[in-house]
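Me: Pick one helix in this model and take me through it closely. I'd like its charge pairs, its packing and whatever pocket it helps to line.

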Amino acid sequence: MDDHTDQTRKPRADAVRNRERVLEAAKLVFSAGGPEASLEAVAKRAGVGIGTLYRHFSTREALFEAVYRREVEQFSELAELLKNEKDPVEALRRWLHSGVEFVATKKGMMAALALAVQSGSELHAFSFERLTKAIGSLLDRAVAAGEMRADLSPEDLLRAFFGMCYVHDQPGWQATALRLLDVFVDGLRVPPPSKAKARASKTTKPATKRKR
């Protein structure tokens, strides 16, 4: 009984490992882009036959989508890890910085992902829901700590982030995006009470004396 169970489990375990190897290889190959980003190149890098790849992913688009979903899942899980950081604002900043790398690895997949999203809204809904939830958990923590303004929604923050990464096809865009993110996050901080009072006193005009 146990021998039979082991024999039936091994192929499933091998299949899972092969699938993960294909996804990891596809991430590297597709991120590089160019003419070398073929399914054959993915299979070779993963160390599997092209037939094995097709058993898991019947089309190039299916593989693109699977890689993207996997990256979204991992990016979302990072938010859970960062929730344990002592400084909630810095935790949010770190997640956003990691997001720049997340976008960078998609450079070679943008065209295919655009087609995947157009062909069905489910992929867009999946990614937007997961990423909004992830960034929302970090934003809520910073707001609850009184360190970040509360009039910004997770959806607003996520849209602003992707807007800063929009020029991902320009040279040096990552350094620009990171700098803009720092300015943006710092601008959302709630100043300490002493600084807030000092700022208010500077902007308050002195009262004029009435003429008798």
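Reply: Let's fix the burial scale before anything else: with a 1.4 Å probe and protein chains only, buried means under 20% relative accessible area, exposed means over 50%, and partly exposed is in between. The model is predicted, with local features needing pLDDT of at least 70 and side-chain atom pairs counting only at pLDDT 80 or more, while totals for chains, interfaces and linings use all residues. Residues are numbered from 1 along each chain as its sequence is written, and side-chain values use heavy atoms, leaving out hydrogens and water.

A quick look at the whole chain, then. There are 10 helices and zero strands, taking DSSP runs of H or I (at least four residues) as helices and of E (at least two) as strands, numbered from the N terminus. Read in order, that gives α-α-α-α-α-α-α-α-α-α. Of the 212 residues in the chain, 34% are buried. Take the contacts (heavy atoms within 4.5 Å) between residues at least 6 apart in sequence: 69% of them join residues at least 24 apart.

I'd pick α4, and I'll start with its charges. The chain has 15 salt bridges, where a side-chain nitrogen of Lys or Arg has to sit within 4 Å of a carboxyl oxygen of Asp or Glu. One of them pairs Glu20 with Arg70 at 3.2 Å, N to O. Glu20 belongs to helix α1 (residues 2-32) and Arg70 to helix α4, so this bridge ties together parts that sit 50 residues apart in sequence. The two ends don't get equal cover: Glu20 is partly exposed at 35% relative accessibility, whereas Arg70 is down at 16% and counts as buried.

Next door to Arg70 in numbering, the pair to look at is Arg69 and Glu65, whose side chains meet in a salt bridge at 3.1 Å, N to O. This one stays inside helix α4: the partners are four residues apart, which means about one helical turn between them. Both count as partly exposed, Arg69 because its relative accessibility is 21% and Glu65 because its value is 25%.

Move along to Glu80 and you find another bridge, this time to Lys83, with 3.7 Å between the closest N and O atoms. Lys83 comes out at 31% relative accessibility, so it is partly exposed, and Glu80 is partly exposed too, at 46%. Elsewhere, bridges that share partners link Glu90, Arg93, Asp182, Asp186 and Arg189 into one network.

Now for packing. Ser76 is part of helix α4, and with a relative accessible area of 6% this residue is buried. Setting aside neighbours within four places in sequence, Ser76 touches Arg130, Leu131 and Ala134.

Helix α4 also feeds the main nonpolar core. A core here is a set of buried Ala, Val, Leu, Ile, Met, Phe, Trp, Tyr and Cys residues joined through side-chain atoms within 4.5 Å. The largest one has 32 residues, and Leu92, Trp95, Leu96 and Met148 make the most contacts inside it. Two or more of its residues come from each of α4 (60-82), α5 (88-104), α7 (121-144), α8 (154-164) and α9 (173-188). To see how that looks from one residue, take Leu92: apart from residues up to four places away in sequence, it touches Ile135, Leu138, Leu139, Met148 and Leu157. A separate core of 18 residues lies apart from this one, with Leu23, Ala37, Ala43 and Val67 among its members.

Last, the pocket. On a 1 Å grid over the protein atoms alone, a pocket is an open set of points where a 1.4 Å probe fits, with protein on both sides within 12 Å along at least five of seven lines, and lining residues have an atom within 4 Å of a point. The second largest one is lined by Lys27, Glu71, Gln74, Phe75, Leu78, Ser98, Glu101, Phe102 and Thr105. Two elements, α4 and α5, each give two or more residues to that lining. The largest share belongs to α4, with four residues.

Put it together and α4 turns up in each part of the tour: it holds the Arg70 end of the bridge to Glu20 in α1, contributes to the core of 32 residues, and supplies four residues to the pocket lining.
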